[in-house]
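Colleague: I'd love some help with learning to read a protein model. Could we go through it together, feature by feature?

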Amino acid sequence: MVPLRLFSARSRTALEGLVRCAPSTQPGRQSRPRLPQQAPPRPLSLGSAACSEHQQPPRRKPLSEKKLRRHFVDHRRVLVRGGNGGSGASCFHSEPRKEFGGPDGGDGGSGGHVILRVDQQVKSLSSVLSQYQGFHGEDGGSKNCSGRGGAVLYVRVPVGTLVKEGGQVVADLCRPGDEYVAALGGAGGKGNRFFLANDNRAPVTCTPGQPGQQRVLHLELQTMAHAGLVGFPNAGKSSLLRAISNARPAVASYPFTTLNPHVGIVHYEGHLQIAVADIPGIVRGAHRNRGLGLAFLRHIERCRCLLFLVDLSLPEPWTQVEDLQRELDRYKEGLSQRPHAIVANKVDLPEAKARLPQLRAHLGQEVIALSAVTGENLEELLLRLRELHAASEEAELGRGRPPLGGARAGAARPGCCDLGPGL
């Protein structure tokens, strides 16, 4: 026999189907097609809950290339503190039917170090914070359990970062992957198990963890390049860098267009790459920090050879070379005596060609006359640049220093180390 509740349910379903499908029997009334029944609407709360499951937390939008260039920072004061060590524990072993279990307090974990690490993806010190605190070590526990040590905190810095403390250089991070321990973590304390001895079978002494090291460091970014373009404002340094490489610094007809150093890569045969840096314009009195002179002169220290760019459109162009060499020597003795070449720009102008013989007569050395706009005589500059690079490489190897890398040398600004034309 079929149960009554099942029969009633089946009969009710069958009757509903007959009523839904049977045509109308009343006279004068036509049967209309019945619309299919729609599913009941989904509750709003369930839909919101389902959507919230697939929602991701909002992420910070990365800075664009243009904003990264605006946030170029080449100097930073950083306060670093190592992690504190954990304290030791003082406790005794407790177990049934074991009256004298003895001390079993574990040692505390050591604090974490703060380490500066060179990363090629970082282009300036804008991502470096003003202070860093290392991770603390955990306290010791019972049953001779030692506390966990603090993890190492790595701070990413760009290639060419100079670390100073109290005016003294303590580290020169000029290679990818270089590391420097900025602050040491504190040592962990000892538990009472450490003080167990024959004459003291139940020590209760435990020591606290040591505080981490605290230091105030000054980070300076110096441009890593083989050659540096040195000249007064509006001499055509950015135009020349655009002509010999694929770097695209801003070019305008007013001075101080370049406020941050740019680096371009010049390619030669045999996979030789030479990094050329466009140093912002130097003014007279820059060694006294006039016109942000120290901020610009800092980037010249890394360059192994120099290219003094002279504007031939100005009267008495030989005075520009004398003033530039004087400013470099007053900033750092012997800086202007590095391997260098004199480059006379804007030779395409009529008045510039008339001043070229006078410039060569006053300087008494070879002068490379070219035009960065028209590309006239750029081949001579590239050949001379290759000779200066080879001479500087031999000099550094003679002193026992490794030469700078090729494309890895550019670490001034993002997007400025592009490939240049080959020769």
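Modeller: Happy to! Let's begin with a general idea: a charge sits over a ring if NZ of Lys or CZ of Arg is within 6 Å of the ring centre and within 35 degrees of the ring normal. Keep in mind that this is a predicted model.

Colleague: Which residue lies over the face of Phe 194, and at what distance from the ring centre?

Modeller: Lys 190 does, at 5.1 Å from the ring centre. Another case is Arg 117, which lies over the face of Tyr 154 at 3.9 Å from the ring centre.

Colleague: How many aromatic pairs does a search of the whole structure find?

Modeller: The search finds 1 aromatic pair. Its partners are Phe 194 and Phe 195, with 5.3 Å from centre to centre and 90° between the planes, an edge-to-face arrangement.

Colleague: Why does Phe 194 count as exposed?

Modeller: Here a cut-off helps: exposed means over 50% relative accessible area, and buried means under 20%. Phe 194 counts as exposed because its relative accessibility is 51%. Phe 195 has a relative accessible area of 28%, so this residue is partly exposed.

Colleague: Now for residues far apart in sequence. How far apart in space are Gln 214 and Gly 82?

Modeller: Their C-alpha atoms are 6.5 Å apart, although 132 residues separate them in sequence. Gln 214 lies in strand S8, residues 214-221, and is exposed at 52% relative accessible area. Leaving aside neighbours within four places in sequence, Gln 214 is in contact with Leu 79, Val 80 and Arg 81. With Arg 81 there is also a polar contact of 3.5 Å between the side chains.

Colleague: Where is Leu 349 placed?

Modeller: Leu 349 is in the loop between strand S13 (340-345) and helix H7 (350-363). Its relative accessible area is 29%, so Leu 349 is partly exposed. Leu 349 and Ser 313 are 36 residues apart in sequence, and 7.2 Å apart from C-alpha to C-alpha.

Colleague: Let's move on to that helix. Where does H7 bend?

Modeller: The bend is at Leu 356 and amounts to about 30°; a proline, Pro 357, follows within four residues. Leu 356 is also one of the buried residues of H7, along with Ala 352, Arg 355, Leu 359 and Leu 363.

Colleague: What covers the buried residues of H7?

Modeller: The cover includes strand S12 (305-311), helix H6 (318-331), S13 and strand S14 (367-369). Finally, look just after H7: Gly 364 takes a positive phi of about 70° there.

Definitions and conventions:
Residues numbered from 1 in each chain as written. Predicted model: local features only at pLDDT ≥ 70, side-chain atom pairs only at ≥ 80, totals over all residues. Heavy atoms only, no water. Phe/Tyr/Trp six-rings, centres within 6.5 Å; stacked < 30°, edge-to-face > 60°. Buried < 20%, exposed > 50% of the residue type's maximum accessible area, 1.4 Å probe, protein only. Helix = DSSP H or I, 4+ residues; strand = E, 2+ residues; numbered from the N terminus. Contact = heavy atoms within 4.5 Å. Polar contact = N/O pair within 3.5 Å; in protein donor to acceptor, adjacent residues only side chain to side chain. Bend = angle between axes of the 7 residues up to and from the residue.
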